[in-house]
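Thanks for asking me to look this one over. My notes are below as numbered points, so you can follow them with the model open beside you.

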Amino acid sequence: MEAGGLVPGYLAARSALDGSGRVSEPVTHYRTCPLCEATCGLAVETDGERVVRVRGDEEDVFSRGYVCPKGTQLGALHHDPDRLRSPLVRRDGALQEATFEEAFAAVEAGFDRLVERHGRGALAAYVGNPNAHNIASTVYLGPFLRSLGTRNLFSASTLDQMPKHVSSGLMFGHPGTIPVPDLDRTEYLLLLGANPVESNGSLATAPDWPGRLRRLRDRGGHLVVVDPRATRTAALASEHVRVRPGADAWLLVSMIQVLFEEGLVDDAFLTQWTEGGAALREAVAAFTPERVSSACEVSAGLIRRLARELAAAPSAAVYGRIGTHTTGFGTLASWAVDVLNAITGNLDRAGGAMFPSAAHAAAGPAEPRPFLVGRWKSRVGGYGEALGELPAAALAEEIETPGEGQIRGLFTVAGNPVLSAPGGDRLDAALAGLEFMVSVDIYCNETTRHADVILPPPSPLERVQYDASFYQLSIRNICNYSPPVFEPVGPTEADILARLSLIAAGQGADTDPAVLHDGLAGRLAKRIRDNEHSPAGGLGVDAILEAVSERNGVERILDLMLRSGPYGDGFGQRPEGISLTRLEASPHGVDLGPLTPRLPDVLATESRKVALFPDVIRDDLPRLEVALSKERPRWLLVGRRHLRSNNSWMHNLEPLVSGKLRCTLQMHPEDAGAVGLESGHMARVTSPAGEVVAPVELDTSLARGVVCLPHGWGHDLPGTRLGVASAHAGVNSNRLTLPEAADPLSGNAGLNAIAVDVVAVP
Ligand SMILES: Nc1nc2c(c(=O)[nH]1)N[C@H]1C(S)=C(S)[C@@H](COP(=O)(O)OP(=O)(O)OC[C@H]3O[C@@H](n4cnc5c(=O)[nH]c(N)nc54)[C@H](O)[C@@H]3O)O[C@H]1N2
Ligand SMILES: Nc1nc2c(c(=O)[nH]1)N[C@H]1C(S)=C(S)[C@@H](COP(=O)(O)OP(=O)(O)OC[C@H]3O[C@@H](n4cnc5c(=O)[nH]c(N)nc54)[C@H](O)[C@@H]3O)O[C@H]1N2
Ligand code: SF4
Ligand SMILES: [Mo]
């Protein structure tokens, strides 16, 4: 942390030390929780080097004191003895403690050897979910991945929201232009495949979803939850629709059909803001509720009523998440969600689905540019790229399959694909066969145990926090910056990524990362100068850089973005505007107000209209038709999240794993009875990918024929350093999911609606 004088939290902690270095009084630091997308404000109470307590910050402008059990465990995460403080380097076959200098030297040696032998085409990277919560990654991952000079780039996006990026790119021109439900003002929310009472919401940043959903009901609003399970979110709903797993696309497309057929579309909106409506109408004509009803397991009457209610509501938003994305029709479902928002006139209006405007985003209208997918294909499976990435589900086959371009060296950054990607067993074996692997991670876990070098970044309390990704997805326009609570013991994650970039660029392990920091700041300053809409208007590059010269690394980049953004202070030209200094003086955040209409500026399509029926969608629609006549498997496996989980990586904290066993196979009692299973019995679940044996939990909330197992478990593999997690191992549900891209448009994995077999273990 080099930004001398600019770390009030840390300085406050230091000033609490008396002359002897002993603690004199506890200090409270306010910061944003980095764990999930809700961005809650936390009050972190420290006493010297110890975190004494973490609670919700009542004064946070967005979360108003809301906090979940994970947020309160940030201190435990920081103090977890298993969290890596120093790098591990493989020597004589075993991972051993090393200094950062030794570790970077080992990276350079291994990297050079691999590239010399096989070329850069043998390199790959997989980057995981926590990167989205870390501004160091926002800024430095791009340069790092580019420096590798390979197309073998994989991320958790293809295990998650890639369908939304693709549908947004096709409809709005930019994959990051994602409308979010205007949760606090809508009168009607149709929510599919999401369980925000457990997950705290995703692609719609809002602390305290449960409270906001209750308030929606209290103001007379309607909440419809579409989920094969009666979740805790469904318990808050006006109506719960038990859709068959994997069937949302039929349901949604059929609703579009009804709206056109019954003349319920908003013609004025269609004419002003959209194109392709006529072709769309024709293409969906065959998907009548009567035809899709049995495939969805939702009655035709109900599908019609949902469409009519959506059109009639004073304001309405359709919102789909993991359950709709992680299936074979992820992009079609994702597209249909926003078609429904648009044709009912609810896109871009208060109470509908709206586009956030983040403080750090570039000011001015989006530049029109073509959005393409499938520009190149993966070597083995022939999967098309999306956003420059190949499907994470294809990582194992790309490592296993010999030939030109075979992956032999892998970098992982904040990812645990052995547990989170489909076909976990196969990937685990594949990683063991790599010639060289480097992981940037805070734990030695199921994935990183395969690495030759593990580089641990500082703990989440030792870094700055600014949720760049999530302020672009937030249901209010918010910005909040938190300085580190503690001084980091090693290099920051930005420095680690910068040094890896420099190694990959052939500049050597000893090059000062400042080279990259300065380069990035300089390039950004040029972009700001060239943006005629920036409030920095007229300033030259030198003046822009001079204005932020007190800062370094990530903070300098963030300050540049904030000050030139839509609310920015223009480097002093608009003194009331946003700057990092202003955010430092606002530890509870700055509320920039409710979302406001942004059409057409937000559109990057050539026509500056919403493309309702892009060609790529048109070409994929027949697949939906063909699948209508496919037989339904006996059992369909879906996943679930629990409030105390965070994918695979918070299981090493006792308070989050103690108590009732959570990694159970939930089954409807009658389904269980039919195969001779009772509560607590062991069931063997098999799929073409593998099998697991898990204890049965009877649960009447499930649709018949649906079984449910959470992901992120299976901590019983040897060689990890996860003392607590391995004592609460559970099983890896991704041994059952298929290592192939299920959704051809996005390359997304199918993690829900998996055909499995279930038998009792004698
Ligand atoms: N069956 C099934 N599988 C799923 C899902 C599902 O619903 N069902 N969900 C999918 C989804 S939505 C996602 S996003 C993926 C997640 O997939 P991944 O991102 O691959 O997995 P995580 O479990 O989030 O692992 C995060 C890793 O980051 C490390 N880490 C934590 N904080 C930091 C940090 O600050 N810096 C660094 N460098 N490392 C850090 C952790 O130790 C851990 O190794 O899983 C997917 N897998
Ligand atoms: N506590 C906790 N919070 C988290 C995470 C976590 O692991 N734990 N992970 C974070 C991450 S990375 C993400 S991406 C978000 C995800 O946030 P959400 O999208 O809210 O994810 P889930 O809670 O898994 O809810 C998905 C729901 O989809 C249902 N479902 C499954 N298949 C189908 C289907 O075919 N159709 C429909 N309509 N529903 C289906 C499941 O029953 C489940 O209730 O959560 C984030 N927050
Ligand atoms: S809801 Fe998410 S952001 Fe809020 S405290 Fe829990 S983990 Fe942190
Ligand atoms: Mo995710």
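1. A word on naming before the rest: helices (H or I, at least four residues) and strands (E, at least two) are DSSP runs, numbered from the N terminus. With that in hand, you can find Asp-92 in the loop between β4 (88–91) and β5 (94–97). Its phi is near 50°, a positive value in a residue other than glycine. Most residues other than glycine have a negative phi, so this loop may be a good place to begin your own look.

2. Please keep in mind that this is a predicted model. Mean pLDDT for the protein is 96, and 97% of the residues reach 70 or more. Among the elements, strand β17 (residues 453–455) has the highest mean pLDDT, 99, while helix α1 (residues 8–15) has the lowest, 42. Over residues 1–21 pLDDT stays under 50, and for this stretch the model has 36 contacts beyond four places in sequence. I would word any remark on that stretch with its pLDDT of under 50 alongside.

3. Now the domains. The assignment gives domain 1 (1–79), domain 2 (162–361 + 599–624) and domain 3 (633–760). Taken over C-alpha atoms, the centres of domain 1 and domain 2 are 38 Å apart. Between these two, nine residues of domain 1 are in contact with twelve residues of domain 2.

4. Which residues come nearest to ligand 1? They are Tyr-126, Asn-129, Asp-441, Asn-445 and Ser-648, out of 30 residues around the ligand. Several polar pairs can be picked out here. The side chain of Tyr-126 has an N or O atom 2.6 Å from an oxygen atom of ligand 1. Glu-493 places a polar side-chain atom 2.7 Å from a nitrogen atom of the ligand, and Arg-641 has a polar side-chain atom 3.1 Å from a nitrogen atom of ligand 1. On its own ligand 1 exposes 920 Å², of which the protein buries 98%. By class, the shell around ligand 1 holds 13 nonpolar, twelve polar and five charged residues.

5. Ligand 2 has 31 residues around it, and the closest are Asp-227, Gly-246, Asp-248, His-642 and Asn-647. A polar side-chain atom of Asp-227 is 2.6 Å from an oxygen atom of ligand 2. Val-226 takes part through its backbone, with an N or O atom 3.0 Å from a nitrogen atom of the ligand. Arg-641, already met at ligand 1, also has a polar side-chain atom 2.9 Å from a nitrogen atom of ligand 2. Of the 920 Å² of accessible area that ligand 2 has on its own, the protein covers 98%.

6. What surrounds ligand 2 in terms of elements and domains? The elements giving two or more residues to its shell are α6 (196–199) and α13 (322–325). Helix α6 gives the most, with three residues. The shell around ligand 2 divides into nine nonpolar, 14 polar and eight charged residues. Domain 2 (162–361 + 599–624) and domain 3 (633–760) both contribute residues to this shell, so ligand 2 lies between them.

7. Around ligand 3 you will find Cys-33, Leu-35, Cys-36, Ala-38, Thr-39, Cys-40, Val-67, Cys-68, Lys-70, Gly-71 and Asn-200. In classes, that shell comes to seven nonpolar, three polar and one charged.

8. One last backbone detail: Leu-599 and Pro-600 are joined by a cis peptide bond, with omega about 0°. Pro-600 sits in the loop between β19 (590–594) and β20 (610–611). For context, most peptide bonds are trans.

Terms used:
Residues are numbered from 1 along each chain as its sequence is written. Chains are lettered from A and ligands numbered from 1 in the order in which they are written. This is a predicted model: local features need pLDDT of at least 70, side-chain atom pairs count only at pLDDT 80 or more; totals for chains, interfaces and linings use all residues. Side-chain values use heavy atoms; hydrogens and water are left out. A residue is near a molecule or strand if one of its heavy atoms lies within 4 Å of it. A polar contact is a pair of N or O atoms within 3.5 Å; within protein, one must be able to donate a hydrogen and the other to accept it, and residues adjacent in sequence count only if both atoms are side-chain atoms. Accessible areas come from the Shrake-Rupley method with a 1.4 Å probe; for residues, only the protein chains shown count as cover. Ala, Val, Leu, Ile, Met, Phe, Trp, Tyr, Cys and Pro count as nonpolar, Asp, Glu, Lys and Arg as charged, and the others, Gly among them, as polar. pLDDT is the predictor's confidence in each residue, from 0 to 100. Contact means heavy atoms within 4.5 Å. Domain bounds come from an automatic or database domain assignment.
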